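This report describes selected local features of a single protein chain, for a reader who has the coordinates at hand. It proceeds from aromatic contacts to the metal site, the strands, the core and the backbone.

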Amino acid sequence: MNCRHCKKLLKISFLNLGYSPPSNAYLSTEDLKKPELTYPLRLFVCDNCWLVQTEDYADAESLFSPEYAYFSSVSTSWLAHAKNYTGMITERLGLNAKSFVMEIAANDGYLLKNFVIANIPCLGIEPTASTAAAAETQGIPILREFFGNALAMKLKSEGKQADLIIGNNVYAHVPDINDFTAGLKTILKPDGTVTLEFPHLMRLLEYCQFDTVYHEHYSYLSLHTVNRIFSEAGLRIWDVQELPTHGGSLRIYGCHTENNRANTTSVQSILEEEKSCGMQKLETYQSFQKRADKIKNDLLLYLINKKNQGKRIAAYGAAAKGNTLLNYAGIKPDLISCVYDAAFSKQGKYLPGSHIPILSPDLLREQKPDILLIIPWNIKDEIMTRHSYVSDWGCKFVLAGPQFQIFP
Ligand SMILES: [Zn+2]
């Protein structure tokens, strides 16, 4: 396989998590009677442009683009993040009723609704029917398409170019990152700004966040690599911010290369930090598998011990990252009896691979588990605050990584 960005032959394995089903393929009771497809979940790193990427396999696009059950508005901290961003960017770019904002992967309108309220014209691009419909009920215009340069050319020919293009947690999920970036260039007005947020590979390496690896997450990005991809597409990163979201993300600000905006100092300082963390050295990537294995083994040891003591063990949050961890560890319902999740769309279904049933958190008070493994560690504070009552019966929260932790 060749690198999805620079096309150089990929030879260096970064992480091998065995075989795993698509992480968003939640199963119905009926599905449990059928065979389940699993695919190799393996990452390579390109020793030329340092793009970390999933291995290619047959039918990837048809398999990993359909029923996406995740509704962004379920997370209150993510809603607050979106609202803060809208206020900040509106002021920073001086957006008003004459501006035009586009969001790629607009999901259920969790973000664009703030622009609708502020009377700033906007358009969401969202291929998933269920989330797109939820956005439309809030008065947000939605184009039900996948974004790429072909769609961008069509929009441009209709006179639709944006002062601001937003892409939150979509850039790492596109198979053809070069085509996506070319599309950004196409629909950006001459003085326009692109902001993209994506998990920072530097944090994945630092905290060993191997459970953020799943099939639909094609690229694991550093500023160094994105800078290079942007530059080859005729775009320039002129500012970057570090965010706490998803365990450590970057928000990059892009413009056309020839735009006269000056780069802020943070661009150079994060590029230098990445370099000093060894992100352009093979050893950094080649030592990762051992660290991931230790987290998995420590979790299994703990769970098996507690199970043998007769404890009732459940999990909280049916997030995609949970499926990676549970499937890599080979955990099944005999060890973790269920997972509680607030999303109605997931309740009554089963996690792919592990077949752990997903239940409403309303049942927590009734079922009183002794241990709750928190799956989406990035929102652990929100979960522990919202469900602090579980301590009434002595229930402990447990985190698998980056270090094994028990609360309280
Ligand atoms: Zn490459």
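In this predicted model, Tyr389 and Trp393 are both buried. A second contact involves Tyr389, for the charged end of Arg365 sits over the ring of Tyr389, 3.8 Å from its centre. A like arrangement occurs where the charged end of Lys296 is placed over the ring of Tyr328, at 4.9 Å from the ring centre.

**Aromatic pairs**

A pair of aromatic rings is described by the distance of the centres and the angle of the planes. The count of aromatic pairs in the model comes to twelve. One of them is formed by Trp50 and Tyr285, whose rings are stacked, with 5.7 Å from centre to centre and 15 degrees between the planes. This pair links distant parts of the chain, as Trp50 lies in the loop between β2 (39-45) and β3 (52-54) while Tyr285 belongs to helix α10 (residues 282-286), 235 residues apart. Trp50 is buried, at 10% relative accessibility, and Tyr285 is buried as well, at 0%. The rings of Tyr389 and Trp393 form a tilted pair, because their planes stand at 55 degrees, with the centres 6.1 Å apart. Elsewhere, one aromatic cluster is made up of Phe147, Tyr171, Phe180, Phe198 and Phe230.

**The zinc site**

Which residues coordinate the zinc ion? The donors are the SG atoms of Cys3, Cys6, Cys46 and Cys49, at 2.3 Å. The angles subtended by the four donor atoms run from 100 to 119 degrees, so the arrangement is tetrahedral. For that assignment all angles must lie between 85 and 135 degrees. Along the sequence, the donor residues follow the spacing C-x2-C-x39-C-x2-C. The site links distant parts of the chain through Cys6 and Cys49, which are 43 residues apart: Cys6 is in the segment before β1 (12-20), and Cys49 is in the loop between β2 and β3. Cys49 is buried, with a relative accessible area of 0%.

Met1 also lies in the segment before β1. With a relative accessibility of 31%, Met1 counts as partly exposed. Met1 and Pro40 are separated by 39 residues in sequence and by 14 Å in space, C-alpha to C-alpha.

**The open sheet**

Four strands make up an open sheet with antiparallel pairing, in the order β1-β2-β3-β9. The edges are occupied by β1 and β9; each has a single partner strand, so one side of each is left without a neighbour in the sheet. Within the sheet, β2 and β3 run antiparallel and are joined by three bridges. Leu43 stands opposite Thr54 of β3.

**The nonpolar core**

In soluble globular proteins, nonpolar side chains tend to be buried together. The largest nonpolar core in this model holds 47 residues, of which Phe14, Leu15, Phe210, Tyr285, Ile331 and Ile336 touch the most other members. Elements that each supply at least two residues of this core include β1, β2, α7, α11 (288-308), β12 (313-316), α12 (320-329) and β15 (371-374). The greatest contribution to this core comes from α11, with seven residues. Tyr285 thus has two roles in this account: Tyr285 stacks with Trp50, and Tyr285 is among the core residues that touch the most other members.

**Backbone geometry**

Most residues other than glycine have a negative phi, and most peptide bonds are trans. The table lists departures from these tendencies.

| Site | Feature | Value |
|---|---|---|
| Cys208 | positive phi | near 50 degrees |
| His246 | positive phi | about 55 degrees |
| Phe407 and Pro408 | cis peptide bond, omega | about -10 degrees |

Cys208 is located in the loop between α7 (201-207) and β9 (219-220). His246 is located in the loop between β10 (235-243) and β11 (249-256). Are these two residues buried or exposed? Cys208 is buried, since its relative accessible area is 7%, under the limit of 20%. His246 counts as partly exposed, because its relative accessibility is 26%. Pro408, at the cis peptide bond with Phe407, falls in the segment after β17 (405-407).

Key:
Residues are numbered from 1 along each chain as its sequence is written. This is a predicted model: local features need pLDDT of at least 70, side-chain atom pairs count only at pLDDT 80 or more; totals for chains, interfaces and linings use all residues. Side-chain values use heavy atoms; hydrogens and water are left out. Buried means under 20% relative accessible area, exposed over 50%, partly exposed in between (1.4 Å probe, protein chains only). Rings of Phe, Tyr and Trp (its six-membered ring) pair if their centres lie within 6.5 Å; planes under 30 degrees apart count as stacked, over 60 as edge-to-face and the rest as tilted. A charge sits over a ring if NZ of Lys or CZ of Arg is within 6 Å of the ring centre and within 35 degrees of the ring normal. Donors are N, O and S atoms within 2.8 Å of the metal (3.2 Å for Na, K and Ca); water is not among the atoms, so sites may look incomplete. Four donors count as tetrahedral if all angles lie between 85 and 135 degrees; four count as square planar and six as octahedral if opposite donors are over 155 degrees apart and all others between 65 and 115; anything else is irregular. Two strands pair if DSSP finds at least two bridges between them. A nonpolar core is a set of buried Ala, Val, Leu, Ile, Met, Phe, Trp, Tyr and Cys residues joined through side-chain atoms within 4.5 Å.
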